[in-house]
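Here is a short set of notes for someone opening this entry without any background. Please read the points with the structure in view.

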Amino acid sequence: MKLAIWTYEGPPHVGAMRVATAMQGLHYVLHAPQGDTYADLLFTMIERLPHRPPVTYTTFQARDLGTDTGELFKRTMRDAYERYRPEAIMVGASCTAELIQDDPGGLGRTLGLPIPVVPLELPSYQRKENWGASETFYRLVRAFAGPNAPAPGTSRPAREPGRRPSCNILGPTALGFRHRDDVIEIERLLDRLGVEVRVVAPRGATPTQLTLLGEADFNVVLYPETAEVTARWLEKTFGQPSTRTVPIGVGATRAFIREVAELAGIDPAGALADAESRLPWYSRSVDSTYLTGKRVFVFGDGTHAVAAARVAAREFGFEVVGVGTYDRTFARDVRAVAEEFGAEALISDDYLEVEARIAELRPELVLGTQMERHIAKRLGIGCAVISAPVHVQDFPARYSPQMGYEGANVLWDAWVHPLMMGLEEHLLGMFRGDFEFHDGAGASHHGAPATAAPTEPEPVAAANDADGPSWTTDADKELRKVPFFVRGKARRNTESYAREHGVATITIETLYDAKAHFAR
């Protein structure tokens, strides 16, 4: 572990909180000191849930360390059961409580409560949040679906004639990026295909519903970070195959439909013909052609980073100049997609390293997490959020999925908007000195005569470094006409050209000579 101002993932018990908060009828008793009790803040302020997360803490203090903290845990767990009466309880320890080794699982079992107690062993100093969510979901499914497993070697019975094919949707949690709306979109898509959804888990499921997971024909894995391990266990134990395609973008949605149809043994033609996304036409339309070839840097969790890179390149016509993830579990997938687009993969959970890579690549658009939003703003680059970690503005009141055909429409609006705003900023800056449109001219429809734009002396632009060439006032003024989202690149290229040709002072002629040189 290391201390950082920003971090992409919390410790694994935060992942367990996300699963517990997503489910119903489940309570999480966490052995934790004062200071580790921040679940309410995460879920009620950031995700704006209308209820408190089902988490109870022991909140031991320094003076308690000289007493029996195990007895404190048992008392807290007994009180939580009496107050909330859940169907099941999970027990675990935070990273600080892990050091005192009280064994919450063993202590919980000694109470003899009349409900299942699921112990969680989440090594806080070796693992992180996504792993914690995955491990928690896996342990819950094994605990509740496991007793209904057929004997090893038993073949799965064929679906009864006339019965609709069925599936489970696995992976959505609390505090997930657009999970609420993704589930709605995919349920609608599956319904059009004629596939019945038996259980959605963890989000919205009860422990009792987890016992029914093995009854579905197959599983739809929307978020491999949370559900891939569980899906593999269900396939091995119940003979249930699972989907591999994450339906983000039009191409992936169509591939997902074909994959589901194959698993369900149905004809996908109707659902493929009913494509409702406007993304393909918008990306080919005349006013979008100037977006072709825009340089984009992609960073996020493995699933969203890989999907976003493919959509950006294949459906938007962008050039992917960099792609990365903070989740090393999916490093192989991210490296493969980076190689596919001739980019270098960045596998790092250090936001300073990510910022340095973005500054080096000088993209025109960043697709990332809330961390990259701050980085891009500081560097003057447009940004759209595509992945957790996210902040409160990424839990909108409106319907805003990332998956399916409607999700593709949302991607178009979210990704193109920063570039469109860049164009508007450029036009405003370009006409700010115009006699009719400058800030002091007033509204033209009021009939007032136009006044000349105020003239202010423009400072001579300094070079990027002390030994670099200087800029004349006219050259600096001309540089300001370049759109702000590529102005930095134009400035660096011009200064590089001047150094190579021994030019001490950059004039307008130098600026255009450099432009012609780099355009070859």
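1. Arg 85 is a reasonable place to begin. With a relative accessibility of 48%, Arg 85 counts as partly exposed, because that class lies between the buried limit of 20% and the exposed limit of 50%. The model is a predicted one. Arg 85 sits in the loop that runs between helix H3 (69–84) and strand E3. Its phi is near 50°, which is a positive value in a residue other than glycine.

2. Arg 48 should be looked at next. Arg 48 has a positive phi of about 60° although it is not a glycine. The residue is located in the loop between H2 and E2. Its relative accessibility is 48%, and Arg 48 therefore counts as partly exposed.

3. Some overall figures give the setting. The protein chain has 520 residues, and buried residues make up 52% of them. It contains 19 helices and 14 strands. Taking the contacts with a separation of 6 or more, 70% are between residues 24 or more positions apart.

4. Helix H1 covers residues 12–22 and is mostly covered, with 11 of its 11 residues buried. Among these buried residues are Pro 12, His 13, Met 17, Arg 18 and Thr 21. What do the buried residues of H1 pack against? Their partners are the strands E1 (26–31), E2 (55–57) and E3 (88–93), together with the helices H2 (39–46) and H5 (129–145).

5. H5 also packs with helix H8 (residues 224–238): the two axes come within 7 Å and cross at roughly 30°. An angle under 35 degrees counts as roughly parallel, and H5 and H8 are therefore roughly parallel to each other. H5 passes H8 in a right-handed crossing. On the H5 side the contact is made by Asn 130, Ala 133, Ser 134, Phe 137, Tyr 138, Val 141, Arg 142 and Ala 145. H8 brings Glu 225, Thr 226, Ala 227, Val 229, Thr 230, Trp 233, Leu 234 and Phe 238 to it. By class, the residues of this contact of H5 with H8 are 10 nonpolar, 4 polar and 2 charged.

6. A second helix pair is H6 (residues 179–193) and H9 (residues 250–264), whose axes come within 11 Å and cross at roughly 50°. That angle makes H6 oblique to H9. The crossing of H6 and H9 is right-handed. The contact involves Ile 186, Leu 189, Leu 190 and Leu 193 from H6, and Thr 253, Phe 256, Ile 257 and Val 260 from H9. How do the residues of the contact of H6 with H9 divide into nonpolar, polar and charged? There are 7 nonpolar, 1 polar and no charged residues in the contact of H6 with H9.

7. The largest nonpolar core has 55 residues, and those touching the most other members are Leu 190, Val 298, Phe 316, Val 323, Leu 367 and Trp 415. Leu 190 is also one of the H6 residues in the contact with H9. Not counting residues up to four places away in sequence, Val 298 touches Ala 305, Ala 308, Ala 309, Gly 322, Val 323, Gly 324, Leu 367 and Ile 386. Apart from this core lies another, of 49 residues, including Ala 88, Leu 120, Ala 231 and Val 390.

8. Two cis peptide bonds deserve a check by eye. One joins Ala 201 and Pro 202, with omega at about 5°. Pro 202 is placed in the loop between strand E6 (196–201) and helix H7 (207–210). A cis bond also joins Ala 388 and Pro 389, and there omega is about 5°. Pro 389 lies in the loop between strand E12 (382–385) and helix H16 (404–431).

9. The last point concerns Asn 493, in helix H18 (residues 484–500). Is Asn 493 buried or exposed? Its relative accessible area is 19%, so Asn 493 is buried, the limit being under 20%. Leaving aside neighbours within four places in sequence, Asn 493 is in contact with Ala 514 and Phe 518. Its C-alpha atom is separated by 9.1 Å from that of Leu 511, which is 18 residues apart from Asn 493 along the chain.

Technical notes:
Residues are numbered from 1 along each chain as its sequence is written. This is a predicted model: local features need pLDDT of at least 70, side-chain atom pairs count only at pLDDT 80 or more; totals for chains, interfaces and linings use all residues. Side-chain values use heavy atoms; hydrogens and water are left out. A nonpolar core is a set of buried Ala, Val, Leu, Ile, Met, Phe, Trp, Tyr and Cys residues joined through side-chain atoms within 4.5 Å. Buried means under 20% relative accessible area, exposed over 50%, partly exposed in between (1.4 Å probe, protein chains only). Contact means heavy atoms within 4.5 Å. Helices (H or I, at least four residues) and strands (E, at least two) are DSSP runs, numbered from the N terminus. Axes are lines fitted to C-alpha atoms, for helices over the stretch in contact, and angles run from 0 to 180 degrees between N-to-C directions. Angles under 35 degrees count as roughly parallel, over 145 as roughly antiparallel, 65 to 115 as roughly perpendicular and the rest as oblique. A crossing is left-handed if the near helix is turned anticlockwise from the far one by less than a right angle, and right-handed if clockwise. Ala, Val, Leu, Ile, Met, Phe, Trp, Tyr, Cys and Pro count as nonpolar, Asp, Glu, Lys and Arg as charged, and the others, Gly among them, as polar.
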